[in-house]
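Work through the following exercises with the sequence and the structure side by side, and try each task before reading its solution.

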Amino acid sequence: MDKKILVANWKMNPQTAREARVLFDAMINVGRLKNIETVICPPYPFLPIFGSPKSIKLGGQDIFWEPQGAFTGEISGKMLKNLGCEYVILGHSERRQFLGETDETVNLKLKMALKENLTPIFCIGEREGEEMSDIVENQLKQGLADIGKNQIEKIVIAYEPVWAISTGVQAKPCLPDDALSAAVFIRKILTGLFGKYLGGKIRIIYGGSVDSGNAAGYLKQTQMVGVLVGGASLDPQEFSKIANSLNNLA
Ligand code: PEP
């Protein structure tokens, strides 16, 4: 059985290296669960303080699309690799909303991540009032443009309806039925782009107000293979409960 994927996106939290170390240490047991792959994505400055944890994977929250040079404030894929990261979140809705991320820049970053042998967690999802199918189809087609069939399997797609993300002004719960419809639609687009075999294998995970009460349900009812957790990943007890609920799935 393939491992379920559990991604913690700490966003711009916590504020000190000491707090980050405490938070990380409180989560270390989660890495011992056999049926899940746990990926913690802290802010960049904290990456070096965790050493090379064996049981927990590290991820970045973004990279730049160029390999190096005069790009003030940016972080390269190689830098993340060098700090022990195996994963990188790309195209997160907060970057699309506040930092000018577009489908084109996400596409360039995906290609750079693959070149650096990082596993991209490619975030897609519609905002409140938008049609899921229109937005997701565009994000997938543009974001995955020129990605080869030999590379696509490495990418993890994170479906995150923006209206369900907990920090949104009026976050609403995404019912498993809606997440299932999105998963089926995403699979259809991926199959169209990469063929039935590869399209069927690409991993899709869910993100948006995941907690210990709903995490397992998303996996059981939507054919998705993991979750991306924002707010609840800053609470070690809640995060451990989410991890256990996924680990206990058959
Ligand atoms: C996110 O921002 O990717 C996210 C899933 O956040 P939350 O779990 O807090 O809704």
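**Exercise 1.** Decide how α7 and α8 are oriented relative to each other, and find the residues that make their contact.

Solution. Keep in mind throughout that this is a predicted model. Two packed helices are described by the angle between their axes and by the distance between those axes. Begin by locating helix α7 at residues 215–222 and helix α8 at residues 236–247, whose axes come within 8 Å and cross at roughly 30°. Next, compare this angle with the cut-off, since angles under 35 degrees count as roughly parallel; α7 and α8 are therefore roughly parallel to each other. Then look for the residues that touch: α7 contributes Ala215, Ala216 and Leu219, while α8 contributes Ile242, Ser245 and Leu246. Finally, sort these contact residues by class, which gives five nonpolar, one polar and no charged.

**Exercise 2.** Describe the surroundings of the ligand, starting from its closest residues.

Solution. The ligand is surrounded by 13 residues, and the closest are Lys11, His92, Glu160, Ser166 and Ser209. Sorting the shell by class gives three nonpolar, seven polar and three charged residues. Now turn to individual atom pairs: an N or O atom in the side chain of Lys11 is 2.4 Å from an oxygen atom of the ligand, and a polar side-chain atom of Ser166 also lies 2.4 Å from a ligand oxygen. For Glu160, the distance from a polar side-chain atom to an oxygen atom of the ligand is 2.7 Å. As a last step, consider the cover: on its own the ligand has 290 Å² of accessible area, and the protein covers 99% of this.

**Exercise 3.** Which backbone features can be noted at Lys11 and at the bond from Asn13 to Pro14?

Solution. First place the residues: Lys11 lies in the loop between β1 and α1, and Pro14 is found in that loop as well, between β1 (4–9) and α1 (17–27). Then read the angles, where phi of Lys11 is near 55°, a positive value in a residue other than glycine. The peptide bond from Asn13 to Pro14 is cis, with omega near -10°.

**Exercise 4.** Where is Lys57, and which residues does Lys57 touch?

Solution. Lys57 belongs to strand β3, residues 57–60. Leaving aside residues up to four places away in sequence, Lys57 touches Glu37, Thr38, Val39, Ile40, Glu86 and Tyr87. For Gln139, the separation from Lys57 is 82 residues in sequence and 27 Å in space, C-alpha to C-alpha.

Notes
Residues are numbered from 1 along each chain as its sequence is written. This is a predicted model: local features need pLDDT of at least 70, side-chain atom pairs count only at pLDDT 80 or more; totals for chains, interfaces and linings use all residues. Side-chain values use heavy atoms; hydrogens and water are left out. Axes are lines fitted to C-alpha atoms, for helices over the stretch in contact, and angles run from 0 to 180 degrees between N-to-C directions. Helices (H or I, at least four residues) and strands (E, at least two) are DSSP runs, numbered from the N terminus. Angles under 35 degrees count as roughly parallel, over 145 as roughly antiparallel, 65 to 115 as roughly perpendicular and the rest as oblique. Contact means heavy atoms within 4.5 Å. Ala, Val, Leu, Ile, Met, Phe, Trp, Tyr, Cys and Pro count as nonpolar, Asp, Glu, Lys and Arg as charged, and the others, Gly among them, as polar. A residue is near a molecule or strand if one of its heavy atoms lies within 4 Å of it. A polar contact is a pair of N or O atoms within 3.5 Å; within protein, one must be able to donate a hydrogen and the other to accept it, and residues adjacent in sequence count only if both atoms are side-chain atoms. Accessible areas come from the Shrake-Rupley method with a 1.4 Å probe; for residues, only the protein chains shown count as cover.
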